[in-house]
Amino acid sequence: MNRTITYHIDRPSAGLRVEQYLRRRGYSYQNLTQLKKMPESIRINGVWSYMRTPLEAEDTLTVHIQETESSPNIPPSRLPLDIVYEDEDILVVNKPAGMPVHPSLNNYRNSLASALMYYYQEQGQAFVFRCTNRLDRDTSGLTVIAKHMVSSSILSGMGARHEITREYLAVVRGSVSPAEGTIDVPIGRAGTSLIERRPDFENGLPAVTHYRVIEERNGHSLVSVVLETGRTHQIRVHMKSIGHPLIGDYLYNPDMEFITRQALHSHRLAFRHPITAAWLEFTAPLPEDMQRPLYTQLPLCQHP
């Protein structure tokens, strides 16, 4: 993946060294180290320059990112992709339920990473898979992928500073009361399990979730959930902690009458573009399988 980024130096930035200026733009120390190894990656007014070169007002600084190798151990697979947005720096995908983000022992060729590897291989481009907001295999919806090392670093920093709004939709049984609130409950591992999580006020990591009931129909509630932190299984654990676990959740609430996966969808993402700083906002509609519990009383399987 090749990307050239251009910066026009203003007067307040005059006197800064290139490395100082780029650090202020969100580049990591690792980014700077990698750029130093790339041929003529830094140019000032078209002239190859060093990281320690001071900048002057009205200079044009160009950064040439050259990534020639793809992620190892990700087999390309021709799979359907619902690309919501793409530019030179980021990619936003509406991931279907049942598709893991990364390859694993039992899901080696059906991952989002494999689908994107094939997509870029067909274009003759090297591709390093860098997913910013990872989703569980059975969680559907929007996820952001950085297309190069700099956008990845900046997006990671934005996520750590809670500058990316992530709104999910969840379906739970019954009427949630109160209809709006904040769940501030630390989360830790459940015993020796590598997967399962539980509320843990002694050793857990801080976790904060804001929720709001959007609609109640057919004995279920459609809930909007906004994450302030991003712990493993945070929404699933937090909603269960207030007595309203997600339906279809094999791990925390195996209620499979209407849906056979956790009823959770990454509905909205909003953030500033990591390179241009333009405000971006994306939404993905509620999938059909999550509409079913709200709008029909017929279960997936008739029970004797």
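Helices (H or I, at least four residues) and strands (E, at least two) are taken here as DSSP runs, numbered from the N terminus.

**View 1. The whole chain and its secondary structure.** Welcome to a predicted model whose protein chain holds six helices and 16 strands. If you are setting up a box around the chain, its C-alpha trace spans about 75 × 40 × 35 Å along the principal axes.

**View 2. An open sheet of four strands.** Here the strands run in the order E1-E4-E2-E3, with antiparallel pairing. Strand E1 (2-8) and strand E3 (47-48) form the edges, each pairing on one side only.

**View 3. The pairing of E1 with E4.** Zooming in on one edge of that sheet, we find E1 beside strand E4 (residues 60-66), and seven bridges link the two in the antiparallel sense. A handy place to start tracing is Asn 2, which stands opposite Gln 66 in E4.

**View 4. Contacts and burial.** How much of the protein chain counts as buried? Of its 304 residues, 50% do. Among the contacts in the chain with a separation of 6 or more, 66% come from residues 24 or more positions apart.

**View 5. Surface and charges.** The protein chain has an accessible surface of about 15200 Å², and carbon and sulfur atoms account for 49% of that area. For those who like to look at electrostatics, the chain carries 32 positive and 32 negative charges, and the mean positions of these two sets lie 4 Å apart.

Definitions and conventions: Residues are numbered from 1 along each chain as its sequence is written. This is a predicted model: local features need pLDDT of at least 70, side-chain atom pairs count only at pLDDT 80 or more; totals for chains, interfaces and linings use all residues. Side-chain values use heavy atoms; hydrogens and water are left out. Two strands pair if DSSP finds at least two bridges between them. Buried means under 20% relative accessible area, exposed over 50%, partly exposed in between (1.4 Å probe, protein chains only). Contact means heavy atoms within 4.5 Å. Accessible areas come from the Shrake-Rupley method with a 1.4 Å probe; for residues, only the protein chains shown count as cover. Lys and Arg count as positive and Asp and Glu as negative; His and the chain ends are not counted. The place of a charge is taken as NZ of Lys, CZ of Arg, CG of Asp or CD of Glu.
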